[in-house]
Amino acid sequence: MNGELLFQLLLNGVIVGTLYGVVAMCFVLIYKSTQVVNFAQGEFLLIGAWVCFSLLTDFQLPFVLGFLFTLVFMMAFGVLLQVVVLRPMIGEPIISVIMVTIGLSIFLRALVNWVFGQSARSFPKIFEAQSVDIAGLNVEPAYLMSFAISIIIMIGFYYFFRYSRHGLAMRATAFDQQAAQSLGISVKRVFAMAWAISAMVSALAGVVMGMVNGVSSALSFVGIKVFPAVILGGLDSIVGAIVGGLIIGVLENGAEFVDGQYLHWGNMLTIAPFWVLIAILVIKPYGLFGTKKIERV
């Protein structure tokens, strides 16, 4: 057994898993506040990556400035989508809203391909070093940056929901929209805020993944890859999203090691998370940390 390769893949799995956890939190954020599963989440990553790439290459902005402009743009984009597309669907059956997000996903992907093309593009060089040595293992600087930012975002989410006024408003809205509205909370504003934060944070993940793997339409499939992490942790649990992301990230890389060393099937990296998705739906449908709903029949 190649122990060095195994540790390298597991380290990469932890770093990528934190990024998955951040994207999973975006799923949970929208679901907790609006009870909607956003299947266009992957397109937020794709749009954020392309916008940042365009600012850096076409407008020659420094990375930090282009990155900040991208986050601001995606916040505004998230609010616009919620107001124009999702707000008219308030009160409609959940399945109708879910179908709208699926249609939105297809539309946004086609729009991005039309505007930016379908060819993969490499990000401009951001860091001088190609890799950083950590205990004898090589890690790309973009992954280290993503790991640090992901930890900061996770801590920020915790304090936002627990102590901030807007976070408490979101929690109240998720618990009971009518009761929250009777207490003076603007449910429409909470919905818009959830989509804005979700779009911004997803764009951050898209930029990091674009820096490592290049920018292409393949980034949109990250949303589907992260979905097993959301189900594993629990669809309404922020902590579950973090844990689920880490588990899926490590599982992916562990499956790649087993496949490359022993099985040689060639697709374990892709399908392993969905095996977990099926298993968790069968054994524990509400996930590791999800709230179990008890209904009288």
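**Entry 1: Glu43 and its partner**

I began with Glu43, which is buried at 1% relative accessibility. The model is predicted, and I read every value below as computed from it. I then looked up the partner of this side chain: Glu43 forms a salt bridge with Arg109, with 3.0 Å between the closest N and O atoms. The pair links distant parts of the chain, since Glu43 belongs to helix 2 (residues 41–57) and Arg109 to helix 4 (residues 94–116), 66 residues apart. Arg109 is partly exposed, with a relative accessible area of 25%. I also noted that the charged end of Arg109 sits over the ring of Phe221, 5.1 Å from the ring centre.

**Entry 2: the other salt bridge**

I searched the whole structure and found two salt bridges. Besides Glu43 with Arg109, I recorded Lys225 with Glu252, whose closest N and O atoms are 3.5 Å apart. This pair too links distant parts of the chain: Lys225 is in helix 9 (residues 222–233) and Glu252 in helix 10 (residues 238–263), 27 residues apart. Lys225 is partly exposed at 29% relative accessible area, whereas Glu252 is buried at 4%.

**Entry 3: cysteines**

How many disulfides does a search of the whole structure find? I found zero. I looked up why Cys26 has no bond: its sulfur is 17 Å from the closest cysteine sulfur, in Cys52, which is too far. For Cys52, the closest cysteine sulfur is in turn that of Cys26. Cys26 is buried, with 0% relative accessibility, and Cys52 is buried with a relative accessible area of 0%.

**Entry 4: aromatic pairs**

My search of the whole structure returned 14 aromatic pairs. In one of them, Phe39 and Phe227, the ring centres are 5.6 Å apart and the planes stand at 40°, so I entered the pair as tilted. Phe39 lies in the loop between helix 1 (3–34) and helix 2, and Phe227 in helix 9, so the pair ties together parts 188 residues apart in sequence. Phe39 is partly exposed at 27% relative accessibility; Phe227 is buried at 17%.

I next examined Phe73 and Phe77, a stacked pair with 6.1 Å centre to centre and 15° between the planes. Both residues lie in helix 3 (residues 63–86), four residues apart, about one turn of the helix. Phe73 is partly exposed at 39% relative accessibility, while Phe77 is buried with a relative accessible area of 16%. I closed the entry with the cluster that ring pairs form from Phe44, Phe73, Phe77 and Trp195.

Terms used. Residues numbered from 1 in each chain as written. Predicted model: local features only at pLDDT ≥ 70, side-chain atom pairs only at ≥ 80, totals over all residues. Heavy atoms only, no water. Disulfide = S-S within 2.5 Å. Buried < 20%, exposed > 50% of the residue type's maximum accessible area, 1.4 Å probe, protein only. Salt bridge = Lys/Arg side-chain N within 4 Å of Asp/Glu carboxyl O. Helix = DSSP H or I, 4+ residues; strand = E, 2+ residues; numbered from the N terminus. Phe/Tyr/Trp six-rings, centres within 6.5 Å; stacked < 30°, edge-to-face > 60°. Lys NZ or Arg CZ within 6 Å of the ring centre and 35° of its normal.
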